[in-house]
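Here's a walk through one protein chain, written for someone who'd rather read a fold than scroll through a coordinate file. Have the viewer open as you go.

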Amino acid sequence: MGKVIVVFVGPAGSGKSTLVAAYSKWLREGGIPVYTVNLDPAVDRTPYEPDFDVRTIVDAREIARKYGLGPNGALVKSMEFIAENLEAILSKIASTDTDYVLVDTPGQMEVFLFRDLAWRLGEGLKKISEQSYAIFILDASVIKDPADYAFLLVMSTAVQLRLNLETAPVINKADLAPNIEFRGDIWRDYARLSRMLKESHTLYTDMLRDIMKVLLTYNKRVEVPRVSALKGEGMEELHRLILEMGCSCGDLS
Ligand code: GTP
């Protein structure tokens, strides 16, 4: 088996770093070697010991001081430095001989996703391994009704379009919202989700229903695991999802 590379993307505070820590711990405990990469130049400390830390190349706080920038300006500038050094970062990842590489991305996902860097990273990772994927993480407390659930899938697809890597959604912080509906296979539950969206019948839910129909045409069947990175729960489900992303067994076609 070649390397499996997983990029964790999500809004600020959704739990990317905690999930990288929990999943890498789970893999190691199962005897699977893992290489962790921190691509967040602004993080204070990570809950895992990164094997490669982008802060050795660029530190957002130093950039802020050096260029007299605020936090957002420093992040944008940092992204430029990361983009300049992307080949060196990719060759570090390529030179590892671990089975898994987990990549933690910047807290402000928009500074990373809405620039060329995201696409170049995706392309570069795919050259290293065809088994390069992304996980889009959303905080469970944001998922309150069927429209939120549909939005999660739309956002995950948007991430896929930016990174050009097969992307699956994951709901984190399940410990904070244990009663989220639609656990499991969203595509199997699509009829129910669609029905519930139809009942709401607002412009927004009608639009989401139509978008979901299109997504269903193009997506493989994927599960939406609910995990708690903090408690280390749901790691088997996450792992199964990542393994499934590599096979065509979930193909809807
Ligand atoms: P940034 O990169 O700084 O945007 O954050 P992030 O997406 O990497 O999130 P991080 O892992 O730093 O977690 C943010 C906060 O959420 C921390 O206080 C974590 O302890 C907490 N957190 C992460 N995962 C969970 C979880 O599963 N449950 C609960 N209750 N809290 C969590």
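What follows goes from the annotated domain to the sheet, then to the helices and a few single residues.

Keep in mind that this is a predicted model. The UniProt record, an unreviewed entry, puts the feature "domain: AAA+ ATPase" at residues 2-169. Over that stretch the chain is 49% helix and 18% strand, and its end C-alpha atoms sit 23 Å apart.

## The sheet

Let's begin with the strands. Six of them form an open sheet, in the order β3-β2-β4-β1-β5-β6, and the pairing is parallel. At the edges you'll find β3 (52-53) and β6; each has a single partner strand, so one side of each has no neighbour in the sheet. As a general reminder, strands of a sheet pair through backbone hydrogen bonds, either parallel or antiparallel.

Here are three of the pairings, each with one example of bridge partners.

| Strand pair | Bridges | Example partners |
|---|---|---|
| β1 (residues 4-9) and β5 | Five | Val7 and Ala134 |
| β5 and β6 (residues 166-172) | Seven | Ile137 and Val170 |
| β2 (residues 34-38) and β4 (residues 100-104) | Five | Tyr35 and Val101 |

Strand β5 deserves a longer look. How many of the eight residues of β5 (residues 132-139) are buried? Eight of the eight are, so the strand is largely enclosed by the rest of the structure. In a regular strand, side chains alternate between the two faces of the sheet. In β5, Ser132, Ala134, Phe136 and Leu138 point one way, while Tyr133, Ile135, Ile137 and Asp139 point the other way. Both sets are buried. The bridge partners listed above draw on both sets: Ala134 pairs with Val7, and Ile137 pairs with Val170 in β6.

## Helices around the sheet

Leaving β5, the chain runs into a right-handed β-α-β unit made of β5, helix α7 (residues 146-163) and β6. The two strands of that unit run parallel and are joined by seven bridges.

Helix α7 also has a helix to meet. Its axis and that of α6 (residues 116-128) come within 7 Å and cross at roughly 75°. That makes α6 roughly perpendicular to α7. On the α6 side, the contact involves Asp116, Ala118, Trp119, Leu121, Gly122 and Glu123. On the α7 side, Leu161, Arg162 and Leu163 take part.

Between α7 and β6 there's a loop, and Asn164 lies in it. Its phi is near 60°, a positive value in a residue other than glycine. Most residues other than glycine have a negative phi, so this one is worth a glance on your Ramachandran plot. With a relative accessible area of 27%, Asn164 is partly exposed.

His201 does something similar: its phi is positive, about 45°, although it is not a glycine. You'll find His201 in the loop between α8 (190-200) and α9 (203-218). With a relative accessible area of 58%, His201 is exposed.

## A few more residues to click on

Is His239 buried or exposed? At 11% relative accessibility it counts as buried, the cut-off being under 20%. His239 belongs to helix α10 (residues 235-245). Leaving aside residues up to four places away in sequence, His239 touches Tyr23, Trp26, Leu27 and Tyr100. One of these, Tyr100, falls within the residue range of strand β4.

Ala94 sits in helix α4 (residues 86-95). At 42% relative accessibility, Ala94 counts as partly exposed. With the same sequence neighbours left out, Ala94 touches Lys3 and Ile128. If you want a long-range distance to check, try Ala94 and Asp206: they are 112 residues apart in sequence and 44 Å apart in space, C-alpha to C-alpha.

Finally, there's Arg45, which lies in the loop between β2 and β3. At 64% relative accessibility, Arg45 counts as exposed. The C-alpha atoms of Arg45 and Ser17 are separated by 9.5 Å, with their positions 28 residues apart along the chain.

Conventions. Residues are numbered from 1 along each chain as its sequence is written. This is a predicted model: local features need pLDDT of at least 70, side-chain atom pairs count only at pLDDT 80 or more; totals for chains, interfaces and linings use all residues. Side-chain values use heavy atoms; hydrogens and water are left out. UniProt positions are given in the numbering used here, feature names are shortened, and annotations may be inferred rather than shown by experiment. Helices (H or I, at least four residues) and strands (E, at least two) are DSSP runs, numbered from the N terminus. Buried means under 20% relative accessible area, exposed over 50%, partly exposed in between (1.4 Å probe, protein chains only). Contact means heavy atoms within 4.5 Å. Two strands pair if DSSP finds at least two bridges between them. A crossover is right-handed if, with the strands pointing away from the viewer, the path from the first strand over the helix to the second runs clockwise. Axes are lines fitted to C-alpha atoms, for helices over the stretch in contact, and angles run from 0 to 180 degrees between N-to-C directions. Angles under 35 degrees count as roughly parallel, over 145 as roughly antiparallel, 65 to 115 as roughly perpendicular and the rest as oblique.
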